[in-house]
Amino acid sequence: MQITQTSVLRLERDHASAQFFDATAREVLLLKRCSDCRRWSAPEVVNCPQCGSASLQWRESEGVGVVASWAVIRPKPGTGTPLPVCIVELSEGPWLRGQLRIEDLASIHTGMKVRTQFDAADDGESIPVFVPLT
Ligand SMILES: [Zn+2]
């Protein structure tokens, strides 16, 4: 099945996300890392979920992980194409949600290795999406 996936959710930066989107524009995925206990956290985290510290620093992710969960959003017949979405457990530990760019929907499975790509729509911010790791 050939899939044309053009619908990317438009996001706009704010003060808290500016550094994250500056990095995605360079095709770099940033996560937060606790300066006290060294735990990695998702980009939106404000305080370390392990020790409570507010001393979190942006750090570059390898951008690879495995699909922890997934679903295919199916539009009303004749109105669009199926849209695979997933939750990825990154190699550093945090989980991220995003679109899964894959042509063969039947091949999607939990534990599938993926890597990050970046996509922007309608002059919006570049956001991470996931593709199978080959
Ligand atoms: Zn911590």
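**Exercise 1.** Work out how strand E1 (residues 30-34) and E3 pair.

*Solution.* Strand E1 and E3 run antiparallel to each other, joined over five bridges. Here strands are DSSP runs (E, at least two residues), helices likewise (H or I, at least four), numbered from the N terminus, and two strands pair if DSSP finds at least two bridges between them. Zooming in, arginine 33 has glutamine 57 of E3 as its bridge partner.

A word on the model: it is predicted, so local features need pLDDT of at least 70 and side-chain atom pairs pLDDT 80 or more, while totals for chains, interfaces and linings use all residues. Residues are numbered from 1 along each chain as its sequence is written.

**Exercise 2.** Find which strands stand at the edges of this sheet.

*Solution.* Start with the order: the open sheet has three strands, E2-E1-E3, paired antiparallel. Strand E2 (40-41) and strand E3 (56-60) each have a single partner strand, so one side of each lacks a neighbour in the sheet.

**Exercise 3.** Locate the largest nonpolar core and the strand with the largest share of it.

*Solution.* A nonpolar core joins buried Ala, Val, Leu, Ile, Met, Phe, Trp, Tyr and Cys residues through C-beta atoms within 7 Å; buried means 20 or more other C-beta atoms within 10 Å of a residue's own, with C-beta atoms placed from the backbone. The largest core has nine residues, among them Val67, Leu100 and Phe130. Strand E5 (residues 83-90) supplies the largest share, three residues. Next, take leucine 100: leaving out residues up to four places away in sequence, its contacts (C-beta atoms within 7 Å) include Trp70, Ile108 and Phe130. Finally, across the chain, 23% of the 134 residues count as buried.

Notes: A residue is buried if 20 or more other C-beta atoms lie within 10 Å of its own, exposed if 12 or fewer, and partly exposed in between; C-beta atoms are placed from the backbone. Two residues are in contact if their C-beta atoms, placed from the backbone, lie within 7 Å.
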